[in-house]
Each structure stands twice: as structure tokens, then as C-alpha cells.
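Reader: I am in my first year and would like a close look at a single part of this model, namely the surroundings of the ligand. Could you take me through that part with care, and then show me how it fits into the rest of the chain?

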Amino acid sequence: MTNDDLSQTLDTSDEWISQRTGIRKRYIASTETTYSMGLAVAQDLLTQSQVAPAALDFIIVATMSPDHLTPSEANRIQGALKANNAYAFSVNVACAGFVYALHLAANLLNGTATCGLVIASETLSRLVDWQDRKTAVLFGDGAGGVLVQRDAQPLPISDLHSFGDNTQQLQVGAGIDSPYFAMDGQAVYQFALREVVASLKRMPPADIYLLHQANARMLQAIARKVHLPLTQVPHNMAEYGNTSAASIPILLHECIADGRITRGQKLLLCGFGGGLAVGSILLTY
Ligand code: ACO
């Protein structure tokens, strides 16, 4: 769905959306669900890495847009894969979910697990009020993920922080006044600028910074504040909009596929958003 498509039904324009956010289009699920997209990612990962489903010790799905409250998407994917040795669970930390799930996975691999899937899948289009131009232009649907295996490396360094005193700045769900996204955009923008910069400054340096893809202007401001050239901070929200937890693994996939990320590079992943929450983790590809 392009910005021009949206301006057919909303008082908005391609110019406003692309200047303020860097977003030009987003994918909207038709028959796909959070489960079906997550399962497709899981199957791709197993095929590409030639790992049998029975070798999986765990499956974690990060999502803020589950199809059901229970069973979790992770459980349904485990069943569909016949990954009979895997325990499965979902986590919801909104846009920071993938980084939190990776942090958990790293700790599981540091224990008894040897192999697992970390998937992020979102159908945010079901949570958007399509009459509300303040939020409808921002979000999209998508999924991505990684297969993780134990190696001899020490635990990755991570930096996770929750800000539960600011929950009202970004809410979605039937438990509040509206089932749809309700967001104080400027407050979330200021929060992200402040706390993402602080988190990046606490972390060691990296070769590539994969930040949650919410807003191109915001990423540029963050990069300026931590003195990073934009070549180290790739972005793709022009194509996808904000896909919450899925944005970082989608970007990771694209950067590996087109050679912007190569073996041995240090990657700093940083997710931030609803909760409010921030999470950074440093990985070597
Ligand atoms: N088209 C045209 N005009 C619009 C639109 C639109 N789609 N949306 C808002 N406007 C208008 C507003 O009504 C306002 O008009 P007014 O001055 O007459 O009242 C004007 O544009 C400015 O609105 P602001 O909200 O001040 O715009 P701002 O520059 O702050 O940009 C935005 C809004 C893009 C949402 C920005 O605040 C932002 O990106 N915030 C961060 C959001 C975010 O990153 N969330 C990430 C977490 S998401 C998660 O965790 C799921």
C-alpha cells in the first residue's frame, strides 16, 4: 500500500508521510496471519541452514499482534514444524521484542540448549484505525527471524531497559478505550532519541547498527548524536513502514542478502517502542 493509496481515503499526502517518516509504502496482509508469516520464516530458516526440525531446542516468537491470546504463535509453529523436541513461547515487547527474544535465546544457549529459532512476526494492519491519519500511515505487516546455535563465544553483551511509568504514550488493545493504536508520537520520538542514544553509548562500538525501523528522521538524529555515519545505520522503512518487532530481522536479512553485512562483522541491534522499552544487543555475524 503506497502513500498515494492512503491519501485516497485519508487527509494526508505522500509528501507529508515521506518527509516526516521516510516511509513510502508498506505491505498489508490479506490472507496472511502472524502465524502463517512466522511459519514461512521458520521453514525458510530450516531449509537454508539444513537443520532438521527435531534439532530445535526452542522456538521464540516476538509479536505484539498475535492471532490468538492462546495458543501462542510459537506453539502453533512448533506444532506445524513437528519440532517435537522444542519448547515454544512468544514474547511481547512491541518494537523491542526481537532484541529481547535474542537476549533470551543467548541465555538459553548458554544453558542446555544448542539450537533454536527466534522469529518476529506482525500483522499491525489489524491494530490500526484506518480513519486515524496520525497512526495509519506508520505501520506495516511482515516477519523475519534467525536460527541460532551454540558456539564457543561468550554471551553477547546486551542492554535492556523498561520504562513502565510511560505506558500511556503508546497503547494498543481492547483493554483500553480503543482497540487500535493510540500514540503520543512526539513523546515517543523524544523518548527514543534520549534512551536509544543512551543505550548505544553504553554499548561497545560495532560495524553496523540495525535500529528499529520506525522513522528515518529519527534514525538520522540518533546517528548524529552518537557520531555515526549513515553508512553504518542502514534503513528500509521506505519499503515496509514500521513493522514493530519484525523490522530488525527484515533489515538484517536484506543487508546480508545484498552484501552490506559480511561474516565476522559486529552488529549492534537496538529495538525500542511500546512499553516503553529499549533493548540493545551486540552480535558477531
Ligand atoms: N498526514 C498529514 N498531516 C498529519 C498526519 C498525516 N498522516 N499525521 C498528523 N498530521 C498533522 C497533525 O494533525 C498536526 O497538525 P496540526 O499542527 O494542525 O495539529 C501536524 O501534522 C503535526 O503533527 P505531529 O504529530 O506534531 O507530527 P510529528 O512531526 O511529530 O510527526 C510522527 C509525527 C511521524 C508520528 C512522529 O512523531 C514520530 O515518528 N514519532 C515516533 C513514533 C514511533 O517511532 N513509534 C515507534 C514505536 S512504535 C511501536 O513500538 C509499536
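Author: In this predicted model, the shell around the ligand takes at least two residues from each of three helices, α2 (14-21), α6 (133-136) and α7 (185-202). Of these, α7 deserves attention at the start, since the largest share of the shell, five residues, comes from α7. The shell has 23 residues, and those that come nearest to the ligand are Thr12, Cys95, Gly185, Ala214 and Gly273. Sorted by character, the shell around the ligand holds 11 nonpolar residues, nine polar ones and three charged ones.

To place this shell in the whole chain, it helps to know that the domain assignment gives domain 1 (3-149) and domain 2 (157-284). Both domains give residues to the shell around the ligand, and therefore the shell lies between them. The C-alpha centres of domain 1 and domain 2 are 15 Å apart, and 40 residues of domain 1 are in contact with 41 residues of domain 2. On the side of domain 1 that touches domain 2, at least two residues come from each of α2, α5, β3 (115-123), α6 and β4 (141-149), and the residues of this side divide into 20 nonpolar, 11 polar and nine charged. You will notice that α2 and α6 appear here as well as in the shell around the ligand.

Part of domain 2 also carries a label from a record, for an unreviewed UniProt entry places the feature "domain: Beta-ketoacyl-[acyl-carrier-protein] synthase III C-terminal" at residues 207-284. Over residues 207-284 the chain is 32% helix and 26% strand, while the end C-alpha atoms are 10 Å apart.

The two domains also share in the largest nonpolar core, which draws at least three residues from each of domain 1 and domain 2. This core has 87 residues, and the members that touch the most other members are Ile59, Ile60, Ala62 and Leu269; its largest share, nine residues, comes from helix α5 (residues 97-109). If you look closely at isoleucine 60 and leave aside its neighbours within four places in sequence, you will find it in contact with Ala74, Phe89, Val91, Ala101, Leu104, Ala105, Gly116 and Val118.

Some details of the backbone are worth a careful look too. Glycine 275 and leucine 276 are joined by a cis peptide bond with omega of about -10°, and leucine 276 lies in the loop between β9 (266-273) and β10 (277-284). A cis peptide bond also runs from threonine 70 to proline 71, with omega near 0°, and proline 71 is found in the loop between β1 (58-62) and α4 (73-81).

Two residues other than glycine have a positive phi, and they make an instructive pair. Lysine 82, with phi of about 55°, has its place in the loop between α4 and β2 (87-91), and it counts as exposed because 10 other C-beta atoms lie within 10 Å. Serine 244, with phi near 50°, is found in the loop between α9 (237-240) and α10 (247-257), yet serine 244 counts as buried because 35 other C-beta atoms lie within 10 Å.

Methods. Residues numbered from 1 in each chain as written. Predicted model: local features only at pLDDT ≥ 70, side-chain atom pairs only at ≥ 80, totals over all residues. Core = buried A, V, L, I, M, F, W, Y, C linked by C-beta atoms within 7 Å. Buried ≥ 20, exposed ≤ 12 C-beta atoms within 10 Å, placed from the backbone. Helix = DSSP H or I, 4+ residues; strand = E, 2+ residues; numbered from the N terminus. Domains from an automatic or database assignment. Contact = placed C-beta atoms within 7 Å. Near = placed C-beta within 6 Å. Nonpolar A, V, L, I, M, F, W, Y, C, P; charged D, E, K, R; others polar. UniProt positions renumbered as here; feature names shortened; annotations may be inferred.
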